[in-house]
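I opened this entry to keep a record of what I looked up, going from the whole chain down to a single residue.

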Amino acid sequence: MNTDALKGKTVLITGGTIGIGYGIAKHLISSGCNVAITGRTPAKLADALTALSKIDKDRVIGIQADVRFLSEMKMVVE
């Protein structure tokens, strides 16, 4: 995946706590992108943020949210 055009940009990844979303988040952070991931489960979100922060803690934030409901959006900053 060529991410040159995204370097320094912010990308929102829904479902970034596991699987393909998590893998994409890792790649984008390593490539110099700022990444916001969403997760429904606080523990899974915290685990993903801890792991992703080891790549570059200044490039990742988490948003606890069930993206089906706007009222569920909550910012988590570590």
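I began with the contacts of the protein chain, and among those with a separation of 6 or more, residues 24 or more positions apart account for 54%. The model is a predicted one, and I read the entries below with that in mind. For the chain as a whole I noted 78 residues, of which 33% count as buried.

Next I listed the secondary structure, which comes to two helices and four strands, and which, read along the sequence, follows the pattern β-α-β-α-β-β.

I then went through the strands in turn. In strand S1, residues 10–13, I found a covered face made by Val 11 and Ile 13, and an uncovered face made by Thr 10 and Leu 12. S1 pairs with S2 in the parallel sense over four bridges, and I looked up Leu 12 in particular, whose bridge partner in S2 is Ala 36. From S1 the chain passes through helix H1, residues 19–30, to reach S2, and I recorded this β-α-β crossover as right-handed.

On to the next pairing: S2 and strand S3, the latter spanning residues 60–64, are also parallel, with five bridges between them. Here the chain runs from S2 through H2 to S3, and this β-α-β crossover is right-handed.

My next question was where the largest pocket draws its lining from. Strand S2 (34–39) and helix H2 (42–56) each supply at least two of the lining residues. I noted a volume of about 190 Å³ for this pocket, and of the 13 residues that line it, Gly 15, Thr 17, Thr 38, Gly 39 and Arg 40 are the closest to its centre. By character, I sorted the lining into four nonpolar, six polar and three charged residues.

Thr 38 had now come up among the residues closest to the pocket centre, so I gave this residue an entry of its own, starting from its place in strand S2. Is Thr 38 buried or exposed? Its relative accessibility is 4%, and because the cut-off for buried is under 20%, Thr 38 counts as buried. Its bridge partner in S3 is Ile 63. Leaving aside neighbours within four places in sequence, I listed the contacts of Thr 38 as Leu 12, Ile 13, Thr 14, Gly 15, Gly 16, Thr 17, Leu 45, Ile 63 and Val 67. Ile 63 is thus on record both as a bridge partner and as a contact of Thr 38.

Key:
Residues numbered from 1 in each chain as written. Predicted model: local features only at pLDDT ≥ 70, side-chain atom pairs only at ≥ 80, totals over all residues. Heavy atoms only, no water. 1 Å grid on protein atoms, 1.4 Å probe; cavity = no way out; pocket = protein on both sides within 12 Å on 5 of 7 lines; lining within 4 Å. Points joined across faces, edges and corners; volume = space filled by probe spheres on them. Nonpolar A, V, L, I, M, F, W, Y, C, P; charged D, E, K, R; others polar. Pairing = 2+ DSSP bridges. Right-handed = clockwise from strand over helix to strand, strands pointing away. Buried < 20%, exposed > 50% of the residue type's maximum accessible area, 1.4 Å probe, protein only. Contact = heavy atoms within 4.5 Å.
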